[in-house]
Amino acid sequence: MAAVDATAVDPAPPGLSRLLGTIERTGNRLPHPFWLFWILLAITAAASWAMAAAGLRVTDPGTGRSVAVRTVLSTGGAREFLSMIEDNFVTFGPLATVTIVMLGVAVAERAGFFETLARKALARVPATSVVLAVALAGALSKFLSDSAYIVLIPLGAIAFQTVGRSPVLGMIVAFVSINAAGDANPLIAPGDAAFAAMATEAAQTVSPHTVVRPTDNMYFTTVSAVVLAFVITFVVERVLARREHTLMPDDAADATAAPGEGVRPAPGPREIRALKLTGWAALGYWALIALATLPRHSPLRAADGAIVESPLFDHIALFLSLFFLVIGLVYGRLTRTVAAGRDVPAFMADGLRSIAPLLVIFFAVSQFVALFQWTNIGTFVAVRGADALRELGAPTLILFLVLIVAVAGLNLLITSGQALWALVAPVLVPMLMLLHINPATTMALYRIADSCTNSITPMSTSFILTVGFLQTRKKQAGIGTLVSCTLPVALAMLLAWTLLFVAWWLLGLPLGPGAPVR
């Protein structure tokens, strides 16, 4: 497969090329993410003072309590927030997930497992098919939770590089695919159980016997995963591929190289044998996990015997790290890339060094996120937005469209899907039930709005994580680089997913087992 010409002239339509180029240049003029989040923290602090002085407050529909915006620019507020700074960083969710998973991933990666797997899987695959392959992999990544970003983004880079395409573009495709998988996926994950539990609690304020199940959107999300994978592929090949020469990594091969030069050959017999045996080891690992989960009182289950909401799923990062450690050790010993026990901690340390810049950014992000939550500005914005939807009184389909746009907008500020759902579900679910809308339908609408805008907002920790990954391959890549590439994909996904729902609604298809759309 021919490598991408790094000096090619951009063949994209002039208007679109100029627009995306302007977005990239403008975004890259923003401060480094580390400083950007300190600036946003200062703006939030000033806004909290003005909003608190105005006496702004809302009633939290989840608890019924009156919640006032509070300011950090007071003696008591500053004292309380200063006492939280260490905990803000240490308890920042992505910090633990990234660090724990990377310990195992680093062993598998530096042993050569990921590269060999990609070379084997893609040895005979055309370069254009790799986009769909990575998109589908992202669509099946939901069970990995936040760990999907740590695992699949580097793998997407390797997959693209293996077929002679830009590894930076491979990272971007993996990123948008994982975001889509957050709410469009055939698998049932802990997040689905949390969504359903919050929807049930909200629905029972109107109908005490209503129960929303984690499977209530299964049919819709399964079809959505396939549709979105093809949408991502279409936009990447028709739009982003035309700008791929601008995404070449810093160590790209000379543009005069012959076609296919620099693309690694297919694995040899030893590597193939190692892959097969490592595959058996992987199956054995998960078989042992499954067997350990079978007993009713297994420590991997919850106290009430539940499996989805259990230590196994709640702490999946640990089990994933052990999984990658096992396959890295097996593959490394068979190929002799792991020669001694001391290689393992050395690989782990090397992996942590590779994400050190990201950990520095996380310190700033954790303080901003904590302040945004502590001031109650996020709660105020979300509740006011939900109230505005309730007061519209528009036709059903129009209301659906307004709801999708409004929640997508809120998601730019509150990027945690479960946190935003916890805020808006107590208003949206009962409101739409009074309009004879099934709670499962409201949950499906929320899914559409929740995923796409995560790909274009620097407020998302996964967005900043991806910028950090991009900079490992292309030092000049920044916020603008990622936004300019994800914006066309995010808008296309939002449009296509909305149209799919409208068709689903008009046809009256069930959203899941026993969950009618109307």
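At what angle do the axes of helix α18 and helix α20 cross? Roughly 45°, with the two axes coming within 8 Å. Keep in mind that this is a predicted model, so everything here describes a prediction.

**Helix α18 and its two partners**

Helix α18 covers residues 396-411 and helix α20 covers residues 439-452. Their crossing angle is neither under 35 degrees nor over 145, and it is outside the 65 to 115 range too, so α18 counts as oblique to α20. The crossing of α18 past α20 is right-handed. On the α18 side, the residues that touch are Phe400, Leu403, Ile404, Val407, Ala408 and Asn411. From α20 come Thr441, Leu445, Tyr446, Ile448, Ala449 and Asp450. Sort the residues of this contact by class and you get nine nonpolar, two polar and one charged.

Now for another partner of α18, helix α22, which runs over residues 479-507. Here the packing angle is about 155° and the axes sit 12 Å apart. An angle over 145 degrees counts as roughly antiparallel, which is why α18 is described that way relative to α22. Once again α18 makes a right-handed crossing, this time past α22. Thr396, Leu397, Phe400, Leu401 and Ile404 of α18 meet Leu494, Thr498, Phe501, Trp505 and Leu506 of α22. That contact has eight nonpolar residues, two polar ones and no charged ones. If you're following along in the structure, look for Phe400 and Ile404: both are listed in the contact with α20 and in the contact with α22.

**Aromatic pairs**

Phe501 of α22 turns up again when we look at rings. Across the whole structure, a search finds 16 aromatic pairs. One of them joins Phe220 and Phe501, and the table sets it beside the pair of Tyr285 and Trp286.

| Pair | Centre to centre | Angle between planes | Arrangement |
|---|---|---|---|
| Phe220 and Phe501 | 6.0 Å | 85° | edge-to-face |
| Tyr285 and Trp286 | 5.0 Å | 85° | edge-to-face |

What does the pair of Phe220 and Phe501 tie together? Phe220 belongs to helix α11 (residues 218-238) and Phe501 to helix α22, so the pair links parts that are 281 residues apart in sequence. Phe220 is buried, at 0% relative accessibility, and Phe501 is buried as well, at 1%.

As for the other pair in the table, Tyr285 has 12% relative accessibility and counts as buried, while Trp286 is partly exposed at 29%. There is also an aromatic cluster, made up of Phe34, Trp35, Trp38, Phe89 and Phe363.

**Two residues with positive phi**

Most residues other than glycine have a negative phi. Against that background, two loop residues are worth a look.

Arg336 has a phi near 65°, which is a positive value in a non-glycine residue. You'll find Arg336 in the loop between α14 (316-335) and α15 (343-354). Is Arg336 buried or exposed? With 64% relative accessibility, Arg336 counts as exposed.

Asn376 also has a positive phi, near 70°, and is likewise not a glycine. Its loop runs between α16 (356-374) and α17 (377-390). Asn376 has a relative accessible area of 19%. Buried means under 20%, so Asn376 counts as buried.

Notes: Residues are numbered from 1 along each chain as its sequence is written. This is a predicted model: local features need pLDDT of at least 70, side-chain atom pairs count only at pLDDT 80 or more; totals for chains, interfaces and linings use all residues. Side-chain values use heavy atoms; hydrogens and water are left out. Axes are lines fitted to C-alpha atoms, for helices over the stretch in contact, and angles run from 0 to 180 degrees between N-to-C directions. Helices (H or I, at least four residues) and strands (E, at least two) are DSSP runs, numbered from the N terminus. A crossing is left-handed if the near helix is turned anticlockwise from the far one by less than a right angle, and right-handed if clockwise. Contact means heavy atoms within 4.5 Å. Ala, Val, Leu, Ile, Met, Phe, Trp, Tyr, Cys and Pro count as nonpolar, Asp, Glu, Lys and Arg as charged, and the others, Gly among them, as polar. Buried means under 20% relative accessible area, exposed over 50%, partly exposed in between (1.4 Å probe, protein chains only). Rings of Phe, Tyr and Trp (its six-membered ring) pair if their centres lie within 6.5 Å; planes under 30 degrees apart count as stacked, over 60 as edge-to-face and the rest as tilted.
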